[in-house]
Amino acid sequence: MLAFIISRILQALPVMVVVALISFAMFAYVGDPVAIMLGQDFTEAQRQALVASLGLDRPFFVQFAKFIWNAMHGEFGLSYRLSRPVAELIQERAPATLELAFCAALVSLCAGVPMGVYTGLYRNSWLSRFFLTFSLIGVSLPTFLIGILLILVFSVWLGWLPSFGRGDTVQIGWWSTGLLTASGLKALVLPSVTLGLFQLTLIMRLVRAEMLEVLRTDYIKFAKARGLANRAINFGHALKNTLVPVITVAGLQLGGIIAFAIVTETVFQWPGMGLLFIQSVNSADIPVMAAYLMLIALVFVTINLVVDLLYYAVDPRLRVGNAKRGH
Amino acid sequence: MSPLLEVRDLRVEFPTRRGVLTALDGVSFSIAPGEVLGVVGESGAGKSMTGAAIIGLLEPPGRIAGGQILLNGKRIDNLRYDQMRRIRGREIGAIFQDPLTTLNPLYTVGDQLVETIQTHLGLDVAEARKRAVGWLEMVGIPAAAQRIDSYPHEFSGGMRQRVVIALALCAEPKLIVADEPTTALDVSIQAQVIALLKGLARDKGTSMMLVTHDMGVIAETADRVAVMYAGRIAEIGPVREVVKHPKHPYSAGLMASIPPLDRRVDHLAQIDGAMPRLSAIPRGCAFNPRCPEVFARCLVERPALLATGATEAACWLYDPVSEKHAPEAMRHG
């Protein structure tokens with residue numbers, strides 16, 4: 001088990017190094033940071049001093065090693081745009097994005113899995129047909145449009161939910177949470193639904209397809225022949241066998257939700273990392289972009305590791321090593 | 001003795017876009033308590049379909065369109081799903097062909113046994129587990145008390161089929177429907193599994209319907225045998241009679257096609273032609289296009305099971321009204 005985790009971490013390292021290389025390369029190839037930082041009016045001596053203080057006169061590998069070293073300590077330099085440490089900016093914004101992503105994932109799993117099971121079991125009921133039609137809408141409508149429609153209905157017409165922002169937040173250490181206040185929770189609803197809708201439909205369709213597949217298998221037929229109750233067959237035997245692909249997709253989707261919350265955050269003016277990223281792109285704020293890239297890579301690598309561990313928990317066939325085969 | 005299972009004129013249909021296919025047509029037989037009935041025939045003859053109809057698990061859109069299935073004199077073919085569920089496992093156990101796919105890979109064999117025992121016998125976990133270990137011992141799993149917490153993939157094919165047998169028997173049903181229980185196994189394991197099945201059925205007084213296309217297995221295990229062809233029973237009778245003195249031309253062809261082990265033969269006997277598709281079953285006797293003894297009546301009228309002495313055969317040759325010399329006339333004409 002421990003060996004498995006260590007080996008997965010070792011496999012993840014090259015990924016992180018490559019992403020770091022790409023992030024680092026941005027400094028060299030996307031604009032000239034020295035020119036950006038100096039502004040219009042400078043002397044050659046000032047330029048030399050800045051180049052030296054940034055370490056830009058040193059060889060490529062030394063610079064890269066320094067970048068990695070700093071990154072490992074959570075230092076990504078100063079934002080060009082805001083002149084504040086990047087780590088601080090991200091720390092400020094991360095809770096908003098992570099809470100949003102978590103809620104969106106929760107929405108998509110809690111609704112998507114039961115809907116998938118239902119549509120798989122009762123293929124021809126009118127409710128299944130409705131779910132499938134509805135899921136087609138979820139898949140085909142762009143996120144920003146769904147967001148705007150939800151704002152129109154629930155904020156403008158009905159006035160039930162706020163149309164932008166996080167509402168009131170509570171500070172717990174460096175983490176600012178919107179989960180503990182009524183207005184914070186209300187503010188979460190529309191963005192979570194907007195962000196989770198696509199994943200919801202995806203998970204529903206995946207669970208449905210897997211259920212249809214599993215329900216045809218011999219072990220389900222045998223479970224029926226043993227006279228087990230429907231509930232035990234559908235949820236114990238069938239659903240559990242659909243979980244491996246569902247975990248894979250849900251895991252990758254969670255990464256996607258965190259990384260690509262940009263559109264939703266823009267629509268709802270959600271003060272998260274996505275909004276920070278899009279503002280940074282607009283002003284070529286390379287340190288922020290580089291740090292964001294690294295962070296998202298780390299998120300994906302971590303999620304993949306968790307997904308692998310979940311496989312391990314779900315499917316005993318993967319727990320090799322301690323298995324003794326019979327004769 | 002009144003039969004444990006009685007199948008009367010069973011008809012199974014599959015509605016398709018191109019019309020209704022009749023997969024089983026007028027199948028009738030019975031199984032006495034403690035008796036082993038072998039069911040043989042080519043692939044697609046309806047052997048497995050008959051088993052599936054009895055346990056009430058026909059694959060949709062298949063449906064029982066006529067006839068009756070009686071267990072202990074009570075109809076079970078028209079029960080609601082939930083009533084039938086209580087019969088499956090408890091009254092009628094089932095064993096399937098491929099032990100590699102019959103067990104749920106994500107649960108230990110103990111979990112699956114305990115679950116089945118608890119469902120039907122309402123015991124607490126500890127008692128159910130004790131019984132589960134007992135069953136594993138009975139089917140010959142070594143170190144059953146330890147192996148009970150193993151997952152199916154940790155067993156070999158033969159061992160898995162033993163687990164499947166334990167699962168089918170653990171609620172002590174009176175009838176086992178075994179659908180090709182040894183087909184997927186190594187030849188060396190087949191005999192062991194058959195011996196086990198036969199021994200357990202005898203010890204528990206369990207009746208068995210043994211579906212297979214392996215005549216060796218039938219000859220060794222069954223008391224009576226039913227030969228099926230194109231969804232109908234061609235011949236049924238004591239196993240010795242059907243194997244040694246088959247009356248129906250199809251059973252005769254089937255027995256002749258078993259290669260003899262005691263002498264060398266240059267050509268293996270075979271029945272010319274192929275079994276008709278369900279959509280193209282000929283009028284009269286379904287076997288008439290391939291039958292060496294065919295005569296005029298076979299082409300128009302479908303034979304019912306007729307007494308031939310020891311066995312019953314669905315063949316006009318055994319109807320005293322038929323022209324005895326008709327086959328000769330046909331052949332020379």
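Trainee: How many Å does helix H13 of chain A reach from its first C-alpha to its last?

Mentor: Keep in mind that this is a predicted model. H13(A) covers residues 286–314, 29 residues in total. At 1.5 Å a residue you'd expect 42 Å, and the helix comes out close to that, with a reach of 42 Å.

Trainee: And which residues of H13(A) are buried?

Mentor: To count as buried, a residue needs 20 or more other C-beta atoms within 10 Å of its own. In H13(A) the list includes A:Tyr292, A:Met294, A:Leu295 and A:Ala297. The rest of it is A:Ile286, A:Pro287, A:Val288, A:Met289, A:Ala290, A:Ala291 and A:Phe300.

Trainee: Over to chain B: how many helices and strands does it have, and why is it called as compact as a globular protein of that length?

Mentor: The secondary structure of chain B comes to 13 helices and twelve strands. For 333 residues the globule rule gives 20 Å, and the radius of gyration is close to that, so chain B is as compact as a globular protein of that length, at 21 Å.

Trainee: What share of the residues of chain B count as buried?

Mentor: For a picture of the chain, its C-alpha trace spans about 75 × 50 × 40 Å along the principal axes. Out of 333 residues, the buried share is 47%.

Trainee: Which annotation covers residues 5–255 of chain B?

Mentor: Over that stretch the chain is 40% helix and 27% strand, with the end C-alpha atoms 27 Å apart. The label comes from an unreviewed UniProt entry, and it reads "domain: ABC transporter".

Trainee: Which residue is the bridge partner of B:Pro15 in E2(B)?

Mentor: Strands E1 (residues 5–16) and E2 (residues 19–31) of chain B run antiparallel and are joined by nine bridges. They form a hairpin with two residues between them. In E2(B), the partner of B:Pro15 is B:Val20.

Trainee: Which strands stand at the edges of the eight-strand open sheet in chain B?

Mentor: The order is E6-E7-E8-E3-E9-E10-E12-E11, with mixed pairing. Two of these strands have a single partner each, so one side of each is left without a neighbour in the sheet: E6 (92–95) and E11 (306–307).

Trainee: Which helix lies across E9 and E10 of chain B?

Mentor: E9 (residues 224–229) and E10 (residues 232–238) run antiparallel, with six bridges joining them. One pairing there puts B:Val227 opposite its bridge partner B:Glu235. The helix across both strands runs at about 105 degrees to E9(B), covers residues 249–256 of chain B, and is H11.

Technical notes. Residues are numbered from 1 along each chain as its sequence is written. Chains are lettered from A and ligands numbered from 1 in the order in which they are written. This is a predicted model: local features need pLDDT of at least 70, side-chain atom pairs count only at pLDDT 80 or more; totals for chains, interfaces and linings use all residues. Two strands pair if DSSP finds at least two bridges between them. Helices (H or I, at least four residues) and strands (E, at least two) are DSSP runs, numbered from the N terminus. UniProt positions are given in the numbering used here, feature names are shortened, and annotations may be inferred rather than shown by experiment. The radius of gyration is taken over C-alpha atoms; the globule rule is 2.2 Å times the number of residues to the power 0.38. A residue is buried if 20 or more other C-beta atoms lie within 10 Å of its own, exposed if 12 or fewer, and partly exposed in between; C-beta atoms are placed from the backbone. The expected span of a helix is 1.5 Å times one less than its number of residues. Two residues are in contact if their C-beta atoms, placed from the backbone, lie within 7 Å. Axes are lines fitted to C-alpha atoms, for helices over the stretch in contact, and angles run from 0 to 180 degrees between N-to-C directions.
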